[in-house]
Amino acid sequence: MCTETREIVAPKVKDILNKYAKDKGMLVAILQDIQTEFNYLPRPALEAVSQGLGVPMSQVYSVATFFKAFSLKPKGKHSVHVCMGTACHVRGASKILDKLVEKLGCCAGENTEDMKFSLDAVNCVGACALGPVVVVDGQYVGNMTTE
């Protein structure tokens, strides 16, 4: 990441660390706030967290890669998650996903070229009665059809 980007990341990470009083036990919450701020976890932010909390980079990286909610690569402005859990799958979730791949022009796990959307196939989102379910920017949309 270039110096200019590091200069943007550093003050925001410092504010987040101060918000949590640089408490090592709040690492997950700190990473959540960083991801909210940047829409992913940039490497310079992880390095700043490591330094600011006085913990090894390996520990920060381990937490950042353990939780599927965290992303180490940039995400689109809007997130689209297609539930592929059993209830949604048997109700046609794969057809919904295929249609979204066609419409957005990107595969699951990727972003659209303009970075407006990130498309992901996910395990159960806990709304089985509404299946198939698509979660767009945190909003659940149930009983989806290809139309």
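Is C128 buried, partly exposed or exposed? Keep that in mind as you open the model; the tour comes back to it.

**Before you start**

This is a predicted model, in which local features need pLDDT of at least 70, side-chain atom pairs count only at pLDDT 80 or more, and totals for chains, interfaces and linings use all residues. Residues are numbered from 1 along each chain as its sequence is written, and side-chain values use heavy atoms, with hydrogens and water left out.

**Stop 1: the cysteines**

Select C128. Its relative accessibility is 37%, so C128 counts as partly exposed. The scale works like this: buried means under 20% relative accessible area, exposed means over 50%, and partly exposed lies in between (1.4 Å probe, protein chains only). Now add C124, which holds the cysteine sulfur closest to that of C128; the two sulfurs are 3.8 Å apart, too far for a bond. A disulfide is a pair of cysteine sulfur atoms within 2.5 Å.

Next, select C106 and C107. The sulfur of C107 is the closest cysteine sulfur to that of C106, but at 7.1 Å it is too far for a bond. C106 is buried, with 4% relative accessible area. Across the whole structure, the search finds zero disulfides.

**Stop 2: the sheet**

Switch to a cartoon view and look for five strands in an open sheet, ordered β2-β3-β1-β4-β5 with mixed pairing. β2 (110-111) and β5 (139-141) are at the edges with a single partner strand each, so one side of each has no neighbour in the sheet. Strands here are DSSP runs of E with at least two residues, helices are runs of H or I with at least four, and both are numbered from the N terminus. Two strands pair if DSSP finds at least two bridges between them. Strands of a sheet pair through backbone hydrogen bonds, either parallel or antiparallel.

Select residues 78-83 and 117-122. These are β1 and β3, which run parallel and are joined by six bridges. Within this pair, H81 stands opposite D120, and S79 has S118 as its bridge partner.

Now add β2, which pairs with β3 in the antiparallel sense over two bridges. β2 and β3 form a hairpin with five residues between them, and M115 in the turn has a positive phi of about 65 degrees.

**Stop 3: zoom in on S118**

Which residue of β2 has S118 as its bridge partner? Select N111 to see the answer: its partner in β3 is S118. The side chains of S118 and N111 are also joined by a polar contact of 2.5 Å. (A polar contact is a pair of N or O atoms within 3.5 Å; within protein, one must be able to donate a hydrogen and the other to accept it, and residues adjacent in sequence count only if both atoms are side-chain atoms.) S118 is buried, at 1% relative accessibility.

**Stop 4: helices α3 and α4**

Select helix α3 (residues 43-53), whose buried residues are P44, A45, L46, V49, S50 and L53. G54 follows α3 and has a positive phi, near 70 degrees. Then select V60 in helix α4 (residues 57-66). V60 is buried, with a relative accessible area of 0%. The C-alpha atoms of V60 and V49 are separated by 7.5 Å, although the residues are 11 apart along the chain.

**Last stop: helix α2**

Finish with V28, which lies in helix α2 (residues 27-38). With a relative accessibility of 31%, V28 counts as partly exposed.
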